[in-house]
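Q: I have a model open and would like to go through it with you. Can we start with the cysteines and then move on to the packing?

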Amino acid sequence: MARRPIALVTAGVLFLEAPGIVAINAVMAGFLEAQSMSLAGMDPDAMVTGTWGLGIASGAALLLCGLVALVAGVRDRRPGRFGRALLIGCAIVHGVLGAVSVGLLGWPAFAFLVTVLGLVVLTLVAYGEERAKDVPEEVPAVG
């Protein structure tokens with residue numbers, strides 16, 4: 001099965017997506033800073049700081065997910081419990097963002113997010129439960 005290439009492609013895509021999400025948040029922070037408007041009385045500087053924080057945290061999370069997929073692909077072993085939970089969370093976020101992006105950004109953004117979602121899920125499924133290989137088959141009873 002093509003488990004290793006799937007995990008490596010997933011890792012590459014997540015590594016490329018991480019700086020992109022930081023850049024998008026940097027642009028939004030720039031707009032917030034240039035407008036210097038408050039939202040429901042909130043401090044504009046706090047909004048800029050929050051946008052930067054969200055961008056950096058999202059980029060770090062994507063890098064961590066990419067690292068989990070990369071290690072799984074290099075070792076050709078399934079990720080541990082924490083790694084699988086991290087990839088499942090990544091898949092959920094991509095699914096929700098994909099659903100929201102259709103109306104806000106259009107079909108190309110949706111297609112990209114769903115493609116990443118598919119790669120992450122395919123990595124999780126490809127490295128699913130390991131079958132016990134040293135369990136002997138049942139021997140029919142003679143009699």
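Q: Is Cys65 buried or exposed?
A: This is a predicted model, and in it Cys65 is buried, with a relative accessible area of 4%.

Q: And how about Cys90, buried or exposed?
A: Cys90 counts as buried, at 6% relative accessibility.

Q: How many disulfides does a search of the whole structure find?
A: The search finds zero disulfides. Cys65 is in none, and the nearest cysteine sulfur, that of Cys90, lies 4.0 Å away.

Q: Why is there no bond between Cys90 and Cys65?
A: The sulfur of Cys90 is 4.0 Å from the closest cysteine sulfur, in Cys65, which is too far for a bond, because a disulfide requires the two sulfur atoms to be within 2.5 Å.

Q: OK, packing then: which residues make up the largest nonpolar core?
A: That core has eleven residues, and both Cys65 and Cys90 are among them, together with Leu14, Ala18, Leu62, Val68, Leu87, Ala91, Val116, Val120 and Leu124. The helices α1 (3-35), α2 (44-75), α3 (81-104) and α4 (107-126) each supply at least two residues of this core.

Q: What does Leu87 touch, leaving out residues up to four places away in sequence?
A: With those left out, Leu87 touches Cys65, Val68, Pro79, Val120 and Leu124.

Q: Switching to α2, what span should its 32 residues have?
A: At 1.5 Å a residue they should span 46 Å, and the end C-alpha atoms of α2 are 46 Å apart, so the two values agree.

Q: What follows α2?
A: Asp76 follows α2, and the phi of Asp76 is positive, near 55°.

Notes
Residues numbered from 1 in each chain as written. Predicted model: local features only at pLDDT ≥ 70, side-chain atom pairs only at ≥ 80, totals over all residues. Heavy atoms only, no water. Core = buried A, V, L, I, M, F, W, Y, C linked by side-chain atoms within 4.5 Å. Buried < 20%, exposed > 50% of the residue type's maximum accessible area, 1.4 Å probe, protein only. Helix = DSSP H or I, 4+ residues; strand = E, 2+ residues; numbered from the N terminus. Contact = heavy atoms within 4.5 Å. Expected span 1.5 Å × (residues − 1).
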